[in-house]
Amino acid sequence: MTPHSFHIPVMGIAFTIDTPLKVSHLGIDSAISLVDDILMEKLRRMYCEKFEMPYHEIHEGIEDFRAKRITSYLNLIKELAEKRFERLKDVSRGCSDGLKQYFDLLPNTSLLKQRFFDLTQKNNPTGSLKEFLDKNLSMGNIEVNIMTKLDRENYRHKKPLTNKYNDAHAALRGYAKSNLSSSVIFSAGMNPRLYGYIEEFDDFYPDENGIIKKKIILKVSDYRSALIQGKFLAKKGLWVSEYRIESGLNCGGHAFATDGHLLGPILAQFRDRKEELVSETYAILIHALSQKKRYVPQSALPVKITAQGGVGTSEEHDFLLEHYKLDSVGWGTPFLLVPEATTVDDTTLKKLSQAKEKDLYLSNISPLGVPFNSLRGNTKDLEKLANIQKNRPGSACPKKYVALNKEFTNEGICMASRQYQHLKIQELDKKDLSTQARQAAYDKIVEKSCACVGLGTSALLKHGLDTKTEGDGVSICPGPNMAYFSKIASLREMMQHIYGESNLIKRTDRPNMFIKELKIYVDFLKGKMEEVQGSVTDKQVAYLSTFTTNLYEGISYYQTILGRANKTFNDNSSHILGALKDSKFILDKLLGEIRGLKATNAL
């Protein structure tokens, strides 16, 4: 069991690619993105050379190379992390610096920390200390993340391969065949075909002791999605061990907005209906397992409820744990400024530390067509703009992980690629549009940025590896919370901040995380209303009305809950209630406009 009450979520492709090697031996959970097997193979070679371990290249000519690269990389990270952990626990020559760091990073309220200090101060025999460490110390989990939408089909000799060679399927197989005993996080929604493929691997089923070697975590944005996906998997005999709720908009990376449902009410629903969720899925699970003639656990297996998105103070951290009964809270964006934990190149690190609200925005640059949190002036965008100015918009698309569009071709191509944008601009030129309308359409085409390369290059730059194929441009995907963190911090400083022993935020105007999310959702609603100016359908009006109703319900909920949290948020409840009142005022005006659209539509 992890000694900490937080986890480091997956960030981008490169930013947590080797985070477990940096922090797992210290008891901190983190996650590796499985998007880029090319990057993993380069890092595996580098680490093998660094630690003088044998390396055998897995080139693209090898059968099932993507899955094998992922398996090999994960096995290497596990082996290296375990060696660091065992060295840390070796007290034959006294307490190592690593061991002291392990306990130093724990909160001062930790009973484990106090017991360790008691043992070491009483000059206990080395044997009793070793016994204590072996019994009580645990590594942080080495989790992996699979983005379900990135399941590109692959070809060999221009012929499509079977589904199991699709990108997400191969990533799953790579993890399933690894030596890890941890969890796979499925993000970006349900992929029924991919979920069905999990059935083929024994490690995802409970053994005769009810232990699951490889657990499933679902990243979800609401209770309904969790229940649907949980039941779907249970019908296949697969148990969801954790539901990880992420704010729809107050997060880093791709933003999957809800229909105006806010994080607080969503977490309350999970808290209040957890038993129902567990019992319903367990009833389905035991039937499926008996049908498969597999071991059937006599009672429901453990289920964790965790959350992430926008948390930035120890008060918020503690409130989430205590009020919503969470098992862990995800701290993502602030860790981008902690080189001991994440992998960010120096240029991007400096830009992040200087970023303010105006520099952080919800963009349309992702070729997936999903809103994407980004940093203005990142080097990948500068590279993109340079190509546009040369009249050669688009990326060379060397990795093709987002080559999913079949608008012009039988084989998928990426909307950020030079090929796609060239074809799309040709199509645009055939239309009889005004200069203004053409420019607007052109801008929408060329704004897409090569995310699968840009989000991975930072690791190559940081480790001094060759970027000839990828280029030096880096995309970065911090959440809005980045505006309030400016110090490039040590791991210890960040831990002290999380646990309320110091404060890394020097600004005094940071809004409460729930208020920040509400403001982002109100701004998102404004953007949606601007999109429907002119002609509007009944469906669009219904969407806007539902969105507004849900925001009103969220405001009402927060007025009750946060108004009582005077001590929790350092007597800041008056500011919180004032911000809620301001948001309601703006919402009232927007509702009037929506009713106007509805009336116009009825004519």
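A charge sits over a ring if NZ of Lys or CZ of Arg is within 6 Å of the ring centre and within 35 degrees of the ring normal. Keep that rule in mind for the first stop. The model is predicted.

Start at tyrosine 175. Lysine 214 lies over the face of this ring, 5.5 Å from the ring centre. That value falls within the 6 Å limit. Now look at tyrosine 165. Here the charge belongs to arginine 173, which lies over the ring face at 5.4 Å from the centre.

Next, turn to rings that meet other rings. How many aromatic pairs does a search of the whole structure find? The search finds 19. One of them joins phenylalanine 524 and phenylalanine 547. Their centres are 6.0 Å apart, and their planes differ by 25°. This pair counts as stacked, because planes under 30 degrees apart are classed that way. The pair links distant parts of the chain, with the two positions 23 residues apart in numbering. Phenylalanine 524 sits in helix H19, which covers residues 513-531. Phenylalanine 547 sits in helix H20, residues 538-561. Are these two rings buried or exposed? Both phenylalanine 524 and phenylalanine 547 are buried.

Aromatic residues also gather in a group. Phe319, Tyr324, Phe514, Tyr557 and Tyr558 make up one aromatic cluster.

Now look for enclosed space. There are two cavities of 30 Å³ or more. The largest holds about 70 Å³. Which residues line the largest cavity? Its lining consists of Leu34, Val35, Arg66, Ile146, Met147, Leu150, Asp167, Ala168, Ala171 and Tyr401. Strand E3, residues 142-147, supplies at least two of the lining residues, and so does helix H7, residues 167-176. H7 gives the largest share, with three residues. By class, eight lining residues are nonpolar and two are charged. No polar residue takes part.

The second largest cavity holds about 30 Å³. Asn250, Gly310, Asn481, Tyr484, Arg510, Pro511 and Lys516 line this space. What classes do these residues fall into? Two are nonpolar, three are polar and two are charged. Gly310 belongs with the polar residues, because Gly is counted in that class.

Set the two linings side by side. The largest cavity has eight nonpolar residues and no polar ones in its wall. The second largest cavity has two nonpolar and three polar residues. Each lining includes two charged residues.

Conventions:
Residues are numbered from 1 along each chain as its sequence is written. This is a predicted model: local features need pLDDT of at least 70, side-chain atom pairs count only at pLDDT 80 or more; totals for chains, interfaces and linings use all residues. Side-chain values use heavy atoms; hydrogens and water are left out. On a 1 Å grid over the protein atoms alone, a cavity is a set of points where a 1.4 Å probe fits but cannot get out, and a pocket is an open set with protein on both sides within 12 Å along at least five of seven lines; lining residues have an atom within 4 Å of a point. Grid points are joined across faces, edges and corners, and a volume is the space filled by probe spheres set on the points. Helices (H or I, at least four residues) and strands (E, at least two) are DSSP runs, numbered from the N terminus. Rings of Phe, Tyr and Trp (its six-membered ring) pair if their centres lie within 6.5 Å; planes under 30 degrees apart count as stacked, over 60 as edge-to-face and the rest as tilted. Buried means under 20% relative accessible area, exposed over 50%, partly exposed in between (1.4 Å probe, protein chains only).
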